[in-house]
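Reader: Hi! Could you walk me through the ligand sites, with the reasons behind each term?

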Amino acid sequence: MNTVLVGAQWGDEGKGKVIDFLTEESDVVVRFQGGSNAGHTVVVGDKKYVLHLVPSGVLHEGKHCIIGNGVVMDPFDLMKELDQVKSWGFNLLGRFHISERAQMVMQWHRALDKADEAARSEGRKIGTTGRGIGPAYADKVGRSGVRVGDILKPNFEDIVREHVEDANRKLRSLGAQELDPEEMVRLYMPVKPALMPYVTDTIQFIHEQLESDKSILFEGAQATMLDIDFGTYPFVTSSNPTAGGACTGSGVSPRCIDRVIGVLKLYTTRVGEGPFPTELFDEDGETLRKRGGEYGATTGRPRRCGWFDACVARFARRINGVDFWAMTKLDVLDTFPVVKICTGYRRPDGFVYQTFPMDLDALATCEPVYEEMPGWMCDTSHTTDYAELPENAKRYIERILEICGGKLGVLSVGPARETTLRINI
Ligand code: GDP
Ligand code: IMO
Ligand code: MG
């Protein structure tokens, strides 16, 4: 059984937690896009682990974890994270692999990310994580990126010098500080010995695993509404976090994929700039942020919070072909007397969009159309069986399924590993 797991909203749906849960029944976990902009949290006992580049399956000894070719990898972020994972007591050698085809996020990509954000006028800023993601993917498609395999080449130092010259031209035009090529060469010297043991042909490795009937779990980072093609462009990330990205980002055919799981938070959050039709600016929004601990796992920024948006979820089900939902954070809604589901966006002329429009200016004129439902006003965080849930909580979940389609596969009622209910999968 090969599974793709994707975020269905604007990120931070609880993908890390669900990946950790599904790793139990998988042999290999593959990250297929994004970079250290991701922050995936797994809570085991009283310990909280936050992963950025290393797949969230790493907390299960013996499972293979892969950084696929579609990822953009900052070697310093990765080295720091590998040290952390080792300090937590997990062994990596022989089970952690980096694609030699993955792109590197270099210091100049980070500098360009910051300079580009600074140069944008109000209203055009993206609110990126500042991890160099956009410039690294821009170099990839511009055919001038640095790949992981390049670190192993004897002329790596020259490659660095050449790229710094190019980057300096761009930095200059943005009025930003230039980088010293020789300093960059020195900076990158420790990278080869640190990462060499893990660099491999992951395409060969993944296909050997497929051929011996191993189960592969493809871990998406970011989410559908941050997708470069399907998200709220230009307020998006620079990769394809949707299900198709799993194939291009790891080197497998769509025929290998048996099921797609979409992770859906039972309300909505977003970090950074960009449209968010159901955003709340009142006490309810504050309650969601406090009860849900909605602060960025990567940047610590407070997340914007709002009601559940069924237009987004329906759009995500279609784009990704979601078979099952992993619904998370039901417990956060426990204290609300009323819960709301957005079913459309009404334009001033009365027209109601039921799917996510391309035109963000038109969207900005819309009001969300809500269905209100009674809350359940009791603690769901100790639920171990779906049947035990309060009737109003079941009604809320079932109404979402009715509007959006797809089946419920996993329900999460707390941050810890044990607070995960297996429903249909
Ligand atoms: P990811 O980026 O999709 O992996 O999500 P993040 O880790 O950035 O954010 C999800 C946050 O919610 C983390 O702090 C998780 O520990 C927490 N979390 C996940 N599932 C649940 C849940 O069902 N209930 C509660 N209260 N917290 C959850
Ligand atoms: P996980 O995997 C939430 C957002 C940033 C910004 C936009 C572009 O933890 O769900 P980038 O640095 O990628 O160029 O920023 O995308 N963003 C995320 N928001 N969760 C994430 O990852 C995100 N990764 C990027 O806040 O708005
Ligand atoms: Mg996150």
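Author: Gladly! The space taken by ligand 1 is the second largest pocket. This is a predicted model, where local features need pLDDT of at least 70, side-chain atom pairs count only at pLDDT 80 or more, and totals for chains, interfaces and linings use all residues. Side-chain values use heavy atoms, without hydrogens and water, residues are numbered from 1 along each chain as its sequence is written, and chains are lettered from A and ligands numbered from 1 in the order in which they are written.

Reader: What makes a space a pocket?

Author: On a 1 Å grid over the protein atoms alone, a pocket is an open set of points with protein on both sides within 12 Å along at least five of seven lines. A molecule sits in a pocket if more than half of its atoms lie within 2 Å of its grid points. Ligand 2 sits in the largest pocket.

Reader: Why is the link between K329 and ligand 1 called a polar contact?

Author: A polar contact is a pair of N or O atoms within 3.5 Å. An N or O atom in the K329 side chain is 2.8 Å from an oxygen atom of ligand 1, so the pair qualifies.

Reader: Which contact does T237 make with ligand 2?

Author: An N or O atom in the T237 side chain lies 2.6 Å from an oxygen atom of ligand 2, so this is a polar contact too. The protein buries 98% of the 550 Å² that ligand 2 exposes when taken alone, with areas from the Shrake-Rupley method and a 1.4 Å probe.

Definitions and conventions: Polar contact = N/O pair within 3.5 Å; in protein donor to acceptor, adjacent residues only side chain to side chain. 1 Å grid on protein atoms, 1.4 Å probe; cavity = no way out; pocket = protein on both sides within 12 Å on 5 of 7 lines; lining within 4 Å.
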